[in-house]
Structure formats: C-alpha cells, structure tokens
Amino acid sequence: MCKSVCKTLLVAILAIFVYSQPVLALAQELQSGDKIQARLATDYIHSVILAGREFYSSQIVGRLKKEIGLETSENWEKENALPLPAQFLKLSAKHSNDLGIGLKIRLVGLTPINTKNLPRTDLETLGLRSLSKDSNKPFTWIVKRGGRWSFQAVYPDMATSQSCVNCHNAHPKSPKSDFKLGDILGGILINVPLGNVPLAEKGVSSDDEAFQIPPAIVSDYVHAVLESDRFVYSKYVVKRMQEHNIVESSENWEDEKKLPLPAQYLLNTSLLARKNKIGLNFRLISLWPINFNNSAANEFERNGLVSVTVDPLRPYMGKLKRGRKSYFQAIYPDFAVSESCVDCHNAHPTSPKRDFQLYDMMGGMVVSFPLNK
Ligand code: HEC
Ligand code: HEC
C-alpha cells in the first residue's frame with residue numbers, strides 16, 4: 001500500500017527540490033570552433049551500443065529465461081524466441097546504417113560464426129589483430145573512399161560471460177572451438193565520415209587529435225543509434241512477443257516478469273551508459289510527462305520542447321555552460337508513430353494530457369555531452 005503512495009510523495013518532494021534549484025545552465029550560441037574529437041565520437045557511439053546490449057542481455061534475455069523460460073535463439077523468427085544479442089546488434093546497426101547519415105556500424109570477427117562478419121579490408125584485419133585483451137581501447141585509423149575521408153575504430157568484443165564461450169565454441173559453424181573466458185571474440189567496428197581533411201594520402205594514423213567532428217553531427221549519430229535500438233526493441237521484441245501471446249510489456253516489468261516499455265528500455269540504457277563516466281547523457285522528456293521526472297530540467301530543455309513542437313524537422317541544439325564546463329545539448333522530437341503510443345499515454349492515470357493523436361509530437365529525446373575541456 002505504502003509503495004505507490006510513498007513513491008508519489010517521493011516524486012513530489014524530488015520535484016520541489018529540482019524546481020527550487022536556480023537554473024544553473026546558461027544557454028550559449030554554438031561556435032564553429034566547437035568540435036569533438038572523432039575518437040570521442042566513436043567512444044560515445046560505442047558506449048550506447050554496449051549499454052543497450054548489456055541491458056538486453058541481462059534484463060531481457062537472462063532475466064526472462066530464468067523467470068518465464070523464454071528462449072533466445074539464432075532462429076528466433078521461426079521459433080518464437082528472442083534474437084541473440086549479436087543479432088539484435090546487427091538489426092539495430094542495419095537500421096542506423098540505412099539512414100544514410102554516414103555512420104556505419106558492424107560486428108566483425110577473425111574467426112566468425114557467420115562469414116559475413118569477416119573483416120573486409122586489410123586495415124580491418126590489422127585492427128582486429130591489434131586489439132588487446134587487457135584494455136577496452138579501440139584500434140583506430142582513417143581511410144579515403146570515393147574522395148572522402150572516414151575515421152574508423154574497432155573496439156574489442158570480449159567473452160564477458162561463460163555463455164559467450166560455450167555457444168561460440170559449440171556452434172557448428174564456428175571455425176574456433178577453444179575460446180576462453182575473457183578472450184576477444186571479435187570487434188565492433190564504427191565508421192564516421194570526416195568530411196574534407198586536408199591530408200596527404202596515408203592509410204593509418206594514430207594521431208586522433210587531428211580528426212574532429214562538429215558536435216551536432218556527433219549528436220545525430222548518438223540519436224540514430226538510440227532510435228535504432230528502440231525501433232528494434234519495439235518491433236522485434238515487444239510487438240512480436242505480444243502478437244504471439246508470449247509475453248507482454250508493462251510499466252511494472254520487474255514485478256510482473258514482463259518486458260519493459262520502450263521508454264523504460266531507453267532510460268535503463270541511459271543509466272548503464274552513464275556508468276562509463278565519459279560524459280554522455282540521454283533521456284526522454286516531455287511537456288506532458290507521465291513520469292514527472294521526465295519534465296524539462298531547465299529553460300533550455302523547455303525551449304527545446306516548444307521549438308521541436310513548432311518546427312519538428314530540426315532538432316533544437318545549443319551550448320550550455322555549467323560552472324567552467326561547456327556542454328552541447330540537442331533535443332530531438334519524439335512522435336507518436338503508432339496508435340499504441342497515443343492509446344497508452346492518453347489512458348495513463350498520471351498523464352497530464354489525454355488528447356494525443358497519431359503523429360503528434362509527444363516529447364523529445366535529449367542528447368548531451370561535454371565540449372572541449
Ligand atoms: C547462444 C549463442 C551465442 C551466444 C551466447 C553468444 N553468441 Fe556471439 N554469435 C552467435 C551467433 C550465431 C553469431 C553469428 C550471428 C550472425 O551474424 O549471423 C554470433 C556473432 C558474434 C560476433 C561476430 C563474429 C561472428 O562470430 O560471427 C561476435 C564478435 C560475438 N558473437 C561475440 C559474442 C560475445 C562477446 C558474447 C557474449 C557476451 C556472445 N557473442 C554470445 C551466437 C552466440
Ligand atoms: C503501454 C504504455 C506506453 C506505450 C505504448 C508508450 N509509452 Fe511512452 N511512456 C509510458 C510510460 C509509463 C512512461 C514513463 C516511463 C518512466 O517512468 O520514465 C513513458 C514515457 C514516455 C516519454 C517521456 C515523457 C513521459 O511521458 O514521461 C515519451 C516522450 C514517450 N513515452 C513517448 C512515447 C512514444 C513516442 C511512444 C510510441 C512510439 C510511446 N511513448 C509508447 C507508457 C507508454
């Protein structure tokens with residue numbers, strides 16, 4: 001009984017606390033000199049991919065197997081099972097790669113189960129061979145293709161649990177059957193375009209400092225990965241599982257042994273990504289939030305939500321100063337892309353708005369990270 005009442009009280013106290021704080025964030029114009037190192041950009045992208053995969057592996061695959069015996073299978077489409085984490089990653093990567101914004105993500109391996117995951121260039125092979133078991137540092141290089149430079153980074157993908165080892169070693173198509181816990185099974189390859197780089201033709205460079213990307217573009221990449229994960233989770237997990245009457249999604253997913261809602265999937269991914277302490281933050285907010293914690297936290301966010309309502313074609317972007325640190329922040333519109341968004345929000349007891357319609361702007365996705373130190 002106390003549970004919900006206390007929770008409401010706690011939220012109210014928290015809200016009063018948040019709103020009684022002076023607005024510390026000061027909005028500023030972005031300058032053309034504000035850039036992000038390409039290596040930091042791929043770190044952000046990688047941390048979103050890893051956080052999504054960690055949450056999917058432990059809280060969807062692992063937890064639901066234990067609680068309701070839900071299976072995860074390579075033949076998930078035929079077997080009414082969940083896709084493997086590697087397959088989830090590939091589905092999401094395909095979605096973001098197909099957006100045509102230049103960001104390309106691939107899961108690769110030198111001894112892969114699926115030969116499509118083999119490296120495609122000598123540099124990719126060199127990159128995978130150079131990864132060290134002792135660090136999570138990527139191998140990076142630049143390439144020129146069709147007159148354009150790209151920055152590429154391959155991050156090690158380690159067998160962090162015995163299940164990785166067991167499945168890969170036992171798989172009939174795996175060319176290697178003696179992987180051990182902690183071994184590198186492959187890598188996550190991330191490609192970002194650099195635009196015009198006035199450089200002599202050279203293949204590899206470890207001089208990452210030289211390669212920089214405008215923050216608005218970095219934020220577009222992060223947003224693309226988040227939206228792709230949410231798309232794959234909604235379509236191939238939530239919708240499929242509900243249609244086949246296997247398991248539903250619910251706000252109280254933990255107590256009810258169900259799937260988290262897509263908004264909760266994103267929120268939990270955000271909490272995991274934050275543990276990396278690389279400064280990247282993202283969350284969903286709204287002018288009409290179901291959860292009061294998802295209100296705009298400051299004037300910039302409020303202005304951003306209003307702006308993307310009026311002009312939903314462009315994200316709202318700017319620079320914020322907190323103390324001596326500058327942050328880049330962007331707010332992307334979040335639309336009611338299906339009737340289920342509308343139905344659930346309009347009917348939810350704590351929703352302050354009950355007349356959402358299909359394709360309405362329901363809120364925004366906030367992406368933020370620090371600018372040059
Ligand atoms: C239940 C089986 C299973 C488990 C568990 C599993 N994988 Fe895989 N993994 C696969 C399959 C199947 C593929 C090939 C997917 C495809 O591309 O079609 C794959 C692909 C990969 C690849 C790309 C290279 C390749 O082998 O094709 C990497 C890297 C990888 N997995 C790493 C991991 C890591 C790290 C873990 C543990 C955190 C893990 N896998 C857990 C089955 C598994
Ligand atoms: C089954 C119910 C349900 C469905 C379907 C649903 N949502 Fe939500 N949504 C919620 C709940 C509950 C929260 C609050 C989660 C939390 O505690 O942070 C939320 C949070 C949000 C937020 C953050 C602001 C807020 O209201 O707290 C946005 C934006 C949002 N949803 C948009 C969408 C969109 C867009 C869709 C469809 C693609 C959608 N939702 C589908 C229940 C739902």
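**Talking through the cores, kinks and ligand shells**

Mentor: Let's start with Val-48. Not counting neighbours within four places in sequence, Val-48 is in contact with Val-222, Val-225, Leu-226 and Ala-273. Keep in mind that this is a predicted model.

Trainee: What makes those pairs contacts?

Mentor: The cut-off is 7 Å between C-beta atoms placed from the backbone. Val-48 meets it with Val-222, Val-225, Leu-226 and Ala-273, so each of those pairs counts as a contact.

Trainee: Which residues have the most contacts inside the largest nonpolar core?

Mentor: Val-48 is one of them, along with Ala-41, Ile-45, Val-154, Tyr-221 and Val-222. That core has 72 residues, and helix α2 (residues 38-68) gives the largest share, 12 of them. As background, nonpolar side chains tend to be buried together in soluble globular proteins.

Trainee: Why is Val-367 called buried or exposed?

Mentor: Count the C-beta atoms. Val-367 has 26 others within 10 Å, and burial takes 20 or more, so the residue is buried.

Trainee: Where does Val-367 sit, and which residues does Val-367 touch?

Mentor: Val-367 is in strand β11. Leaving out residues up to four places away in sequence, Val-367 touches Ser-219, Val-222, His-223, Phe-282 and Ala-330. Val-222 also turned up in the Val-48 list. For a sense of how the chain folds back, Val-367 and Val-218 are 149 residues apart in sequence but 9.9 Å apart in space, C-alpha to C-alpha.

Trainee: What about Val-247: buried or exposed, and why?

Mentor: Val-247 has 21 C-beta neighbours inside 10 Å. The threshold is 20, so Val-247 counts as buried. And it does so from a loop, the one between α7 (215-243) and α8 (253-256). Past its close sequence neighbours, Val-247 is in contact with Leu-64, Ile-68, Leu-70, Met-241, Lys-258 and Leu-259. Val-247 and Lys-257, 10 residues apart in sequence, are 8.6 Å apart in space, C-alpha to C-alpha.

Trainee: Why is Asn-80 put in its exposure class?

Mentor: Asn-80 has 16 other C-beta atoms within 10 Å. Buried needs 20 or more and exposed needs 12 or fewer, so a count in between gives partly exposed. Tyr-359 goes the same way: with 13 others within 10 Å, Tyr-359 is partly exposed too.

Trainee: What is notable about phi at Asn-80 and at Tyr-359?

Mentor: Each has a positive phi in a residue other than glycine: near 55° for Asn-80 and near 75° for Tyr-359. Asn-80 is in the loop between α3 (76-79) and α4, while Tyr-359 is in the loop between α11 and β11.

Trainee: How do you know how α7 compares with its expected span?

Mentor: α7 has 29 residues, and 42 Å is expected at 1.5 Å a residue. From first C-alpha to last it reaches 40 Å, which is close. There is a kink in α7 all the same, about 35°, centred on Ser-234. After α7 comes Asn-245, with a positive phi near 50°.

Trainee: And α2: what span does it reach, and where is its kink?

Mentor: α2 has 31 residues and reaches 43 Å, close to the expected 45 Å. The kink, about 30°, is centred on Tyr-56. Gly-69 follows α2, and its phi is positive, near 70°.

Trainee: What makes a residue part of the shell around ligand 2?

Mentor: Its C-beta atom has to lie within 6 Å of the ligand. By that test 23 residues surround ligand 2, the closest being Pro-289, Asn-291, Cys-341, Cys-344 and Gly-363. The elements giving two or more residues are α9 (262-274), β8 (281-285), α11 (339-347) and β11 (361-370). α11 supplies the largest share, four residues. By class, the shell has 12 nonpolar, nine polar and two charged residues.

Trainee: Which residues come nearest to ligand 1?

Mentor: Gly-109, Pro-112, Cys-164, Cys-167 and Gly-186, out of 22 around ligand 1. Two or more residues each come from α4 (85-97), β5 (148-158), α6 (162-170) and β6 (184-195). Here α6 gives the largest share, four residues. The classes are 10 nonpolar, nine polar and three charged. Gly-109 and Gly-186 are in the polar group, because glycine counts as polar here.

Terms used:
Residues are numbered from 1 along each chain as its sequence is written. Chains are lettered from A and ligands numbered from 1 in the order in which they are written. This is a predicted model: local features need pLDDT of at least 70, side-chain atom pairs count only at pLDDT 80 or more; totals for chains, interfaces and linings use all residues. A nonpolar core is a set of buried Ala, Val, Leu, Ile, Met, Phe, Trp, Tyr and Cys residues joined through C-beta atoms within 7 Å. Two residues are in contact if their C-beta atoms, placed from the backbone, lie within 7 Å. The expected span of a helix is 1.5 Å times one less than its number of residues. The bend at a residue is the angle between axes fitted to the seven residues ending there and the seven starting there.
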